[in-house]
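The following exchange concerns one protein model and proceeds by question and reply. Please keep the structure in view while reading.

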Amino acid sequence: MREALARVDRWSAEKFKEWYGEKEDVQTHFSHTLTAARRGDPSAKQKLLGLVRDRRLPAVVRATGLSELGQFSSSEVLSACSDVLTDPDPQVRAGAITNLQVLSDEPLVKLVAPRLLDPIREVRTEAARVLARVNESLLKGSQRQARQAAFREFEQGQLATSERAAAHMTLASLYESLHESDKAVQAYETAMHVEPHISGPRTNLAALLDRLADQAESQIAELRVASPRE
């Protein structure tokens, strides 16, 4: 099989040269950077930083670069993501928001909350998803309303594929971030019903119920300490 694939590769390379001539960017093409990043090569980080800021490249390439850049945690990465939050392409803006979710709450709100009013739904809903963990007290009144509206858009978008368990698992994850445990449990149970042969919903539901049990036990212990029997 390897030999057959190698022959196909050689044939393709020869025909490409025959039809289109030599490519000038064979050594510098962005594919080399993405390949290195997917192999986990640390040296890819600097090239990815340049790639995501290069508006001459197709937006899908830059968005892919942002996705790969997420594996490298550093102030340079966060700075690059901040720089492209207002990029003309929504794919790039959404990718930047995803990478910024590692920030603590206050800087996250400062950078991402304005995107709740983005003209593109993909960006609005990703901003809302990332901000789901943030306490409402850190948001302005208009931002709270915008986040709530984006949550509804996010739910509607997921339910467009309600026949798949993944949609309900995604919603369950959102509800967990919002500390809406009852809705998360219901979403996981729906995922189990929709696709009973997959294990993901069961695993996640078990983990959630385990956390809820631990929380209940901790609350009981605190009550016992606060109100000891005489």
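The questions below concern this predicted model, beginning with its core and ending with its aromatic side chains.

Me: Which residues touch the most other members of the largest nonpolar core?
Reply: The largest nonpolar core holds 54 residues. Within this set, three residues touch the most other members. They are Leu108, Leu116 and Leu131.

Me: Which helix gives the most residues to the largest nonpolar core?
Reply: The core in question is the one with 54 residues. The element that gives the most to this core supplies 6 residues and spans residues 165-177. That element is helix 10.

Me: Which residues are in contact with Leu131, leaving aside its neighbours within four places in sequence?
Reply: Leu131 belongs to the trio that touches the most other core members. With neighbours within four places in sequence left aside, the contacts of Leu131 include Arg147. The full list is Leu108, Val109, Val112, Ala113, Leu116 and Arg147.

Me: Is Arg115 buried or exposed, and at what relative accessibility?
Reply: Arg115 is found in the loop between helix 7 (105-112) and helix 8 (121-130). Not counting residues up to four places away in sequence, Arg115 touches Leu85, Thr86, Arg93, Ile97, Val123, Arg124 and Ala127. Because buried means under 20% relative accessible area, Arg115 counts as buried, at 17%.

Me: What is the C-alpha to C-alpha distance between Pro196 and Ala165?
Reply: Pro196 lies in the loop between helix 11 (181-194) and helix 12 (200-226). Pro196 is partly exposed, with a relative accessible area of 49%. In sequence, Pro196 and Ala165 are 31 residues apart. In space, C-alpha to C-alpha, they are separated by 8.8 Å.

Me: How many residues apart are the salt-bridge partners Glu68 and Arg38?
Reply: The side chains of Glu68 and Arg38 meet in a salt bridge, at 3.0 Å from N to O. The pair links distant parts of the chain, with Glu68 in helix 4 (residues 59-69) and Arg38 in helix 2 (residues 30-38). The separation of the two is 30 residues.

Me: Which partner of the Glu68 and Arg38 salt bridge is exposed?
Reply: Glu68 has 13% relative accessibility and therefore counts as buried. The relative accessible area of its partner is 57%, which means exposed, since exposed is over 50%. The exposed partner is Arg38.

Me: How many residues apart in sequence are the parts that Arg133 and Asp105 tie together?
Reply: The side chains of Arg133 and Asp105 meet in a salt bridge, at 2.9 Å from N to O. Arg133 lies in the loop between helix 8 and helix 9 (141-159) and Asp105 in helix 7, so the pair ties together parts of the chain 28 residues apart in sequence. Both partners are partly exposed, Arg133 with a relative accessible area of 33% and Asp105 with 26%. The separation asked for is 28 residues.

Me: What is the N to O distance in the salt bridge of Lys183 and Glu180?
Reply: Lys183 counts as partly exposed, at 38% relative accessibility. Glu180 also counts as partly exposed, at 30%. Their side chains meet in a salt bridge, with an N to O distance of 3.5 Å.

Me: Which residues are linked with Arg55 in a network of salt bridges?
Reply: The count of salt bridges comes to 16. Arg55 belongs to a network of such bridges. The residues linked with Arg55 are Arg62 and Asp87.

Me: Why is the pair of Trp11 and Trp19 described as edge-to-face?
Reply: The count of aromatic pairs comes to 3. The rings of Trp11 and Trp19 have their centres 6.4 Å apart and their planes at 85°. Planes over 60 degrees apart count as edge-to-face. The angle of 85° therefore makes this pair edge-to-face.

Me: At what angle are the ring planes of Trp19 and Tyr20?
Reply: Both Trp19 and Tyr20 are exposed. Their ring centres are 6.4 Å apart, and the pair is edge-to-face. The angle of the planes is 90°.

Me: What is the area of the nonpolar surface patch made by Trp11, Phe16, Trp19 and Tyr20?
Reply: Trp11, Phe16, Trp19 and Tyr20 form one aromatic cluster. Phe16 is placed in helix 1 (residues 2-20) and is partly exposed, with a relative accessible area of 35%. Trp11 is partly exposed as well, with 46%. The patch made by the four residues has an area of about 530 Å².

Notes: Residues are numbered from 1 along each chain as its sequence is written. This is a predicted model: local features need pLDDT of at least 70, side-chain atom pairs count only at pLDDT 80 or more; totals for chains, interfaces and linings use all residues. Side-chain values use heavy atoms; hydrogens and water are left out. A nonpolar core is a set of buried Ala, Val, Leu, Ile, Met, Phe, Trp, Tyr and Cys residues joined through side-chain atoms within 4.5 Å. Buried means under 20% relative accessible area, exposed over 50%, partly exposed in between (1.4 Å probe, protein chains only). Helices (H or I, at least four residues) and strands (E, at least two) are DSSP runs, numbered from the N terminus. Contact means heavy atoms within 4.5 Å. Patches are made of residues with over 30% relative accessible area and no salt bridge: like charges are joined within 9 Å, nonpolar side chains (Val, Leu, Ile, Met, Phe, Trp, Tyr) within 5 Å. Accessible areas come from the Shrake-Rupley method with a 1.4 Å probe; for residues, only the protein chains shown count as cover. Rings of Phe, Tyr and Trp (its six-membered ring) pair if their centres lie within 6.5 Å; planes under 30 degrees apart count as stacked, over 60 as edge-to-face and the rest as tilted.
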